[in-house]
Structure formats: structure tokens, C-alpha cells
Amino acid sequence: MEIVVPSQPDSSTSPSSQSPPQAYVGVFDLFKIGVGPSSSHSVGPMRAAEMFLADLRRQGTLDSVERVEVDLYGSLALTGIGHATDVAVLMGLQGEVPDEIDPETVPGKLSTIREQKSLLLAGKRSVPFQEKTCLLFHRKTFLEGHPNALRFRAFATADTDEPLASETYFSIGGGFVIREGCQGQEIEHPLSAVPFPFQSAADLLRLTKENGCGISDIAWANEKTFRSEEEIRAGLIKIWDTMQSCVERGCRNEGILPGGLNVRRRAPSLFQTLTGRPEANMRDPLNILDWVDLYAIAVNEENAAGGRVVTAPTNGAAGIIPAVLCYFDRFCPESTPEKIQQFLLTAAAIGALYKKNASISGAEVGCQGEVGVACSMAAGALTEVRGGTPLQVEEAAEIGMEHNLGLTCDPIKGLVQVPCIERNAMGAVKAINACRLALRGDGSHFVSLDRVIRVMKRTGADMSSRYKETSRGGLAVNISEC
């Protein structure tokens with residue numbers, strides 16, 4: 001539906017005109033096409049390398065660089081090998097970007113770098129690079145600002161200690177990267193530019209009530225500030241197509257996942273079981289949940305193998321929204337292409353609330369910030385496209401997070417495999433159930449979405465760092481029991 005765009009107040013007289021600018025977090029910020037296995041540990045570092053190369057170009061010093069050194073701190077250092085941070089940094093320094101790199105070419109390029117002990121800086125000039133001395137893991141050092149930190153330094157000669165350039169970046173989850181000291185200066189889209197700015201679920205509910213519309217309509221109107229309707233639709237179709245392709249590849253690709261845990265891919269055999277005896281499968285009324293499990297597992301096995309995925313809102317939780325969307329598209333009579341787009345817009349609006357008011361980083365708040373947020377996004381979005389009111393959407397999103405509070409991030413061996421892959425299947429099923437619970441009521445509930453987001457943030461702050469993507473606690477230190 002079309003909603004009336006309100007006039008904007010004069011920023012020169014607005015009480016908030018002196019406050020730091022707020023960023024608008026839209027659908028294409030939260031859903032980014034990239035590669036596995038981690039949005040914070042591989043997509044983010046690759047983007048940080050891209051930003052550093054861009055800085056060198058602006059300074060006119062790129063052609064003078066003869067040596068590059070990279071320092072990884074905190075969670076990036078502790079789980080960087082298992083999360084392929086080292087690979088992402090090397091590819092990024094060679095000029096690769098997450099949404100364009102061909103995952104199939106990575107092993108060959110990586111092998112060339114390691115054999116020749118050099119890399120093609122920005123894809124142009126060969127410079128010496130030995131990982132043992134040029135890519136350092138500072139596992140005991142956490143920088144102030146965020147647990148995921150990395151520093152790039154470029155030098156004009158091989159033996160100088162004085163860098164031409166030095167920049168520190170924080171990979172804050174979902175592929176988002178901020179430069180140290182520039183948190184308020186690199187906003188691509190200011191919140192003040194959109195016709196319907198919102199900072200809370202209460203704001204969203206008020207806007208939908210005032211305009212007689214759904215949450216997806218608010219998100220759509222805001223997106224039109226920056227893109228044409230044709231560009232928005234094309235972008236949403238591309239996101240959905242990428243998600244479906246990931247599911248299909250995951251159902252087809254067999255073998256052992258990389259990293260040393262020897263985890264065998266389960267999606268292909270599960271797909272064969274579900275399609276091999278359709279009549280027998282119809283006897284079980286919960287058989288649909290097996291399909292939901294399949295969709296989620298297929299995506300996250302592809303992610304674990306370094307394949308093409310969509311951050312939703314992170315790579316570690318990339319299977320939940322595609323699984324719920326596949327469930328809606330294939331099992332719900334309401335599904336249409338337009339509804340798929342509404343789903344993504346609603347999910348993004350909900351995800352933006354977590355991004356603004358809490359975190360979507362497992363290294364900052366545990367897996368409640370990844371799987372928990374994805375579950376909440378999927379639950380609310382499914383509720384809207386199945387005919388729920390904004391109040392029911394808000395309730396479903398709240399249920400999705402309430403029952404993921406305190407979820408730890410303790411990947412075994414630092415790999416995005418155990419418990420991450422199964423956890424996505426559980427999150428997808430939980431999102432569907434949250435939707436069904438909300439649709440059975442009238443939207444009234446005891447705990448608001450805003451309140452549960454605040455509790456999630458506080459819970460993450462209270463959580464021991466052992467359980468926040470450091471692989472120092474929980475399942476990660478009890479491999480023999482798993």
C-alpha cells in the first residue's frame with residue numbers, strides 16, 4: 001500500500017540537531033550477499049581490507065607500499081583460524097570484496113599466496129607477505145571499542161618501522177565495519193533523511209497505527225528515500241534468489257566440512273530421505289518441520305564450507321530466515337512474490353531495532369545476538385505475511401528473542417559448525433512456533449519487544465567472555481563429550 005509521507009521538520013530548529021547523527025539501518029544493510037563462514041570474522045575483515053586499500057588510494061600512497069602487516073585482536077584472534085579470518089584478510093588485501101568473490105577460486109589464490117610468500121596488493125602489485133610475520137594473532141589483547149578488532153599497517157620499505165598508513169577497524173557483526181574514532185562520521189544513510197524514522201518497536205507500532213499500514217510499508221517508504229522502487233524490488237529479488245540458491249547447493253553438495261572436526265554434511269541425505277518416500281512422509285503431521293530443518297542445515301553447511309550466503313543478519317545465523325521463507329513459500333497458501341518482499345522488509349525493520357539498541361555480534365553478546373535476533377526477525381516477518389497485525393508481529397518477534405535469551409556462542413574449535421548448524425534449524429522452528437502463538441492471540445502480551453531487547457543487551461554485558469565467540473568455554477572446551 002502507499003502511505004502519505006509526512007513533512008520533515010526544519011533540522012536547524014530541531015532539538016536533536018546538535019546530537020550525533022543516527023544511521024538508518026535498512027534492508028540492504030542487514031541482508032548482505034557475501035561468503036562464509038562468518039560475517040564478523042570473514043566478511044567484516046575482508047571489507048576492512050577493502051576500506052584500507054581505499055584509504056591508500058585516496059592518500060596516493062598505494063603504489064609506494066612495499067610491505068603490509070595485519071594485527072588481529074580479541075575474538076578475531078581467538079577464533080580467527082576456525083572462522084577463516086586469515087583467508088578473508090588475504091583475499092581482501094588482494095582486492096576481493098565479499099559480494100563479488102567467487103568462493104571456488106579462493107583455495108587456489110590462497111595456495112599461490114602461501115607458496116610464493118607474496119600477494120597482489122589490490123590485485124595489481126606483488127608485495128612480500130609471510131603470514132608468520134605479517135599476520136599476527138594477539139589472542140590475549142582486546143581493544144577498547146569492540147571484541148572484534150584488526151589493524152592494518154602499510155610500509156614504504158621492507159625494513160622500516162614507520163608506516164605510511166595505519167588504521168584500526170572494528171568488525172561489529174553482520175558484516176558491518178567501523179573505523180576506530182570515526183563511529184559517527186561514516187554514516188551512509190542518516191536516519192533524519194527517511195520519512196518514517198524509528199528507534200524502537202514502540203515507534204514502529206505508533207507509525208503503523210497513525211498510517212493504517214503494516215511494518216513492511218514503513219520500511220518500504222523509507223527505502224524509497226535512497227532507491228527507486230525498481231531498484232528495491234530487484235535488490236530484494238536478488239537476496240531471495242541467493243538464499244534459494246544456497247539452499248539448493250546445500251542439498252546437493254556432499255562430503256566433509258573443512259576445519260578438522262570431520263563433520264559430515266547432513267543436508268543431502270536428509271533431502272534424499274524426504275523426497276524418496278513422499279507417501280510415507282505424509283503419515284507424520286510434523287513432517288514439515290523436517291523440511292524446515294533441511295533448509296536451515298543446507299544453508300549453514302554451505303556457510304561452514306565458505307560458500308555464498310546472505311547475512312541474515314549474520315552468517316552464523318544465515319539459515320534461519322531462508323528456512324522460514326522457504327517454509328512460507330512452499331507450504332503456506334498466502335505466499336506470493338510480493339509477500340516474499342514484505343517478509344524481508346519486515347524482518348529488516350525488526351533487525352534494525354537490535355542493531356540500534358543492542359547488538360548482532362556473537363563476540364559482543366553471545367549467540368542470542370545472532371541466532372536469537374534471526375529467530376526474532378523471522379518470527380515477526382512470518383507473522384506479517386500470514387496476515388498478522390503489527391501488534392501480533394511485535395509479539396512474535398518478542399517471543400522469538402525471549403526464548404533465546406542467554407544463548408551462548410561457544411563454537412568447537414572456533415568453527416561455525418558445532419553447535420551453529422543445528423542451532424539454526426532449532427531457531428527456524430522456534431520462529432515458526434512464535435508466529436503461530438502470536439497469531440492465536442490478539443497481540444496483547446506481558447513483555448514488550450523493546451524491553452526484551454534491553455534485557456538481551458544487559459544479558460550479553462553480564463555474560464562471561466568465555467561464552468562470547470572465544471571458544472574458551474561451554475561446548476568449545478568439552479570436545480570429547482560432544
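**Cavities and cores in a predicted model**

The structure holds four cavities of 30 Å³ or more. The model is predicted, so local features need pLDDT of at least 70 and side-chain atom pairs count only at pLDDT 80 or more, while totals for chains, interfaces and linings use all residues. Residues are numbered from 1 along each chain as its sequence is written, and side-chain values use heavy atoms, with hydrogens and water left out.

Student: What volume does the largest cavity have?

Tutor: A cavity is a set of points on a 1 Å grid over the protein atoms alone where a 1.4 Å probe fits but cannot get out. Its volume is the space filled by probe spheres set on the points, which are joined across faces, edges and corners. For the largest cavity this is about 150 Å³.

Student: Which residues that line the largest cavity are the closest to its centre?

Tutor: Lining residues have an atom within 4 Å of a point. The largest cavity has 19 of them, and the closest to its centre are G316, E370, C409, V416 and C420.

Student: Where does the largest nonpolar core lie with respect to domain 1 and domain 2?

Tutor: A nonpolar core is a set of buried (under 20% relative accessible area, 1.4 Å probe, protein chains only) Ala, Val, Leu, Ile, Met, Phe, Trp, Tyr and Cys residues joined through side-chain atoms within 4.5 Å. The largest has 100 residues, of which F31, M243, I321, F343, Y354 and L382 touch the most other members. Domain 1 (41–171) and domain 2 (201–467), whose bounds come from an automatic or database domain assignment, both give residues to this core, so it lies between them.

Terms used: Buried < 20%, exposed > 50% of the residue type's maximum accessible area, 1.4 Å probe, protein only. 1 Å grid on protein atoms, 1.4 Å probe; cavity = no way out; pocket = protein on both sides within 12 Å on 5 of 7 lines; lining within 4 Å.
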